[in-house]
Amino acid sequence: MAEQRIVDASPPPGGPPRRVLRSETLIVLALSLGASGVSSLISFIGSLTKPGALKEQAATLNGSYAPGRPWLDLTWQLFGIATALVPVLLVAHLLMREGSGMRDLGFDRTRPWSDLGRGALVAAGIGSAGLAFYLAARASGFNLTVVPESLPEVWWKYPVLILSAVQNSVLEEVVVVGYLLRRLGQLGWSPMAALVASSVLRGSYHLYQGVGGFIGNVVMGVVFVLLYRRWKRVGPLVVAHALLDIVAFVGYGLLAGKVDWLPTL
C-alpha cells in the first residue's frame, strides 16, 4: 500500500487545493481522452443502430485525409499527430508548475534499456492474447472489423503509421496512467478506485471498436496500472503500447488480403 501511495501521490504541501486539482484533471481529460471516450460512445451507438451486424462494419484507425493528394495528406497526418500530443505538453507544464515533472511519472531517459526490455516483454504477452480475443469477439458478433490502416501506397505510409503508434502510446500512457493516477491519489481516491477509473477510461475510448474493444482495453488498463505501480515508471508502458500499435498498423498494411485469418472488409 505504501508503494502505491508513492506512485499515485498525495497532495503537495502548499500546492493547489483539491477543487483546483479536480477542475484541472477534468479539463485535461476533456481536451484529450475523456472527450475521445464520449466520441467513442456516440460512434458505438451509431454502429448499433445501423443496419447490419457489427462485424460487417469497419472501424478504421488510420485513414487518408486527402485521397489522391499525397502531399496534402501527409501534411494533415503530421498535423494530426502533433496536435494530439498537446495534452501531454499540458500535463508536463502542470507537473512543472507544482514543482515536479515528467520524471516523477517515470517518463524520461534515465533507464532506456530497462524500459525497452520490460516494454517488449509486456507487448509480447499482451499482443498474442489481444489478437486472439479480438478475433473471438468479432466472430461472436461483439466487435466491428478493425481496420488499422487504409492509407494509400505512398512512400510515407509506414513512417506515418509508426509515428501514429508512438503518438498513441505517449498520449495514453502519460495521461491515463501516469497523470491520472497521480491526480486521483492527490484527490484522496483509493488505489482500487483509481485503478478502476483509469482502466474504464481506457476501455471507453476504444468502445467505437465494439464491446470486445472495450473489454479488452479495460483488462489491458488493469495490467498497465499494476505494472506502473510495481515499476513506478510509465516508460515501459509507452514502449509496450508503441510496439503493439506498430505491429498492428504495419502488420495489417503488409498482410491484409494476403492471409486468411486476418479479417478485412
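How many helices and strands does the secondary structure of the protein come to? In this predicted model, the count is ten helices and two strands. Going along the sequence, they line up as α-α-α-β-α-α-α-β-α-α-α-α. With 265 residues, the globule rule gives a radius of gyration of 18 Å, and the protein comes in close to that at 19 Å, so it is as compact as a globular protein of that length. Along the principal axes, the box filled by the C-alpha atoms runs to roughly 60 × 40 × 35 Å.

Next comes the way the chain packs. Take the contacts between residues at least 6 apart in sequence: 78% of them join residues at least 24 apart. Of the 265 residues, 46% are buried. As for the outside, the accessible surface adds up to about 13,200 Å², and carbon and sulfur atoms account for 68% of that. The protein also carries 22 positive and 15 negative charges, and the mean positions of these two sets sit 6 Å apart.

One residue deserves a mention of its own. Lys232 is not a glycine, yet its phi is positive, at about 60°. Where along the chain is Lys232 found? It lies in the loop that runs between helix H9 (211–231) and helix H10 (235–255). Is Lys232 buried or exposed? The answer falls in between: with a relative accessible area of 31%, Lys232 counts as partly exposed, given that buried means under 20% and exposed means over 50%.

Note on methods: Residues numbered from 1 in each chain as written. Predicted model: local features only at pLDDT ≥ 70, side-chain atom pairs only at ≥ 80, totals over all residues. Heavy atoms only, no water. Helix = DSSP H or I, 4+ residues; strand = E, 2+ residues; numbered from the N terminus. Rg over C-alpha atoms; globule rule 2.2 N^0.38 Å. Buried < 20%, exposed > 50% of the residue type's maximum accessible area, 1.4 Å probe, protein only. Contact = heavy atoms within 4.5 Å. Areas by Shrake-Rupley, 256 points an atom, 1.4 Å probe, with all protein chains shown as cover. Lys, Arg positive; Asp, Glu negative; His and termini not counted. Charge placed at Lys NZ, Arg CZ, Asp CG, Glu CD.
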